[in-house]
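Could you walk me through this protein in my viewer, step by step? I would like to know what to select next and what I will find there.

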Amino acid sequence: MKERLDEICDRIKASTIKSGRMAGDVTLIAVSKTFPSSAVTGVSSLGQVDFGENKVQELVLKSGELENGTSDHPIRWHMIGHLQRNKAKDIVGRADMFHALDSVRLASALQARLKAEELTLDCLIQVNISAEDSKFGILPDELKLFAEQIAPLDAINIRGLMTLASPTNSPESVRPEFAQMRDLSEMLTECLGYPTPVLSMGMSSDFEVAIEEGATHVRIGSAIFGARTYLNT
Ligand SMILES: *Cc1c(COP(=O)(O)O)cnc(C)c1O
């Protein structure tokens, strides 16, 4: 695990510098989905802080067991997967950042729960950049309207955008999707009138290209934890 993590960190650093930024400007989110809390503890003990889960049940389970880690090895939890409106309450107070905001109804449910608990939540709008039917997310054409609709919800801090690029064996082929996300990110900042600097994109197979095109957060699972043994994308 240490070797894999070190190698990923080195590659992230190299791509970050290649993109004209400083080492440390890109945050690695270790995607621990399908792996037990003990695996998270193992990677956390190597100094990794940010962890991602795509299913709310797993987020609840592992964040319940590990909470925010220890003072030596803190843990920040990211909810990176689609969330049903009736589960909105389950991420409030648990996730430090929600990457998959994709409907006004979900945003309203989150807002209500956050208000009740007097909390706020950093959120990213998920964009369906490849406009695949099978994917969640706001279509690029609808992003501006969506952002305007959720902007008044004051417990939701819109921090930027998230996407999953088209599945591919050649990362170069999805470079245009990542580049388009960067343009959308600039449009979002203009539209909202405050900084929305977070761009969560890039996974095990394509994170280097994503960083070259401006990713600030990469979500990497299998390249750190190994292959997932049961189907649970
Ligand atoms: C599983 C998952 C990842 C990580 O995928 P790997 O190919 O294992 O790196 C990233 N983002 C989301 C939303 C995921 O569900």
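## From the whole chain to its core

Start with the whole protein chain selected: of its 233 residues, 48% count as buried. Keep in mind that this is a predicted model.

Next, switch to the cartoon view. The protein chain folds into nine helices and eight strands. Its radius of gyration is 17 Å, close to the 17 Å that the globule rule gives for 233 residues, so the chain is as compact as a globular protein of that length. Turn the model around, and the C-alpha trace spans about 45 × 40 × 35 Å along its principal axes.

Now show the surface. About 11000 Å² of the protein chain is exposed, and carbon and sulfur atoms supply 51% of that area. Then colour the charged side chains: there are 24 positive and 32 negative ones, and the centres of the two sets lie 3 Å apart.

Time to go inside. In soluble globular proteins, nonpolar side chains tend to be buried together. Here the largest nonpolar core has 62 residues, so select those with the most contacts inside it: Ile-91, Phe-98, Leu-101, Leu-110 and Ile-125. Then pick helix H7, residues 175-192, which gives this core its largest share, five residues.

For the last stop, zoom in on Ile-91. Which residues does Ile-91 touch, not counting those up to four places away in sequence? They are Val-56, Leu-59, Met-79, Leu-83, Phe-98, Leu-110 and Leu-121. Zoom back out to the whole protein chain: of the contacts with a separation of 6 or more, 63% join residues 24 or more positions apart.

Technical notes. Residues numbered from 1 in each chain as written. Predicted model: local features only at pLDDT ≥ 70, side-chain atom pairs only at ≥ 80, totals over all residues. Heavy atoms only, no water. Helix = DSSP H or I, 4+ residues; strand = E, 2+ residues; numbered from the N terminus. Rg over C-alpha atoms; globule rule 2.2 N^0.38 Å. Buried < 20%, exposed > 50% of the residue type's maximum accessible area, 1.4 Å probe, protein only. Contact = heavy atoms within 4.5 Å. Areas by Shrake-Rupley, 256 points an atom, 1.4 Å probe, with all protein chains shown as cover. Lys, Arg positive; Asp, Glu negative; His and termini not counted. Charge placed at Lys NZ, Arg CZ, Asp CG, Glu CD. Core = buried A, V, L, I, M, F, W, Y, C linked by side-chain atoms within 4.5 Å.
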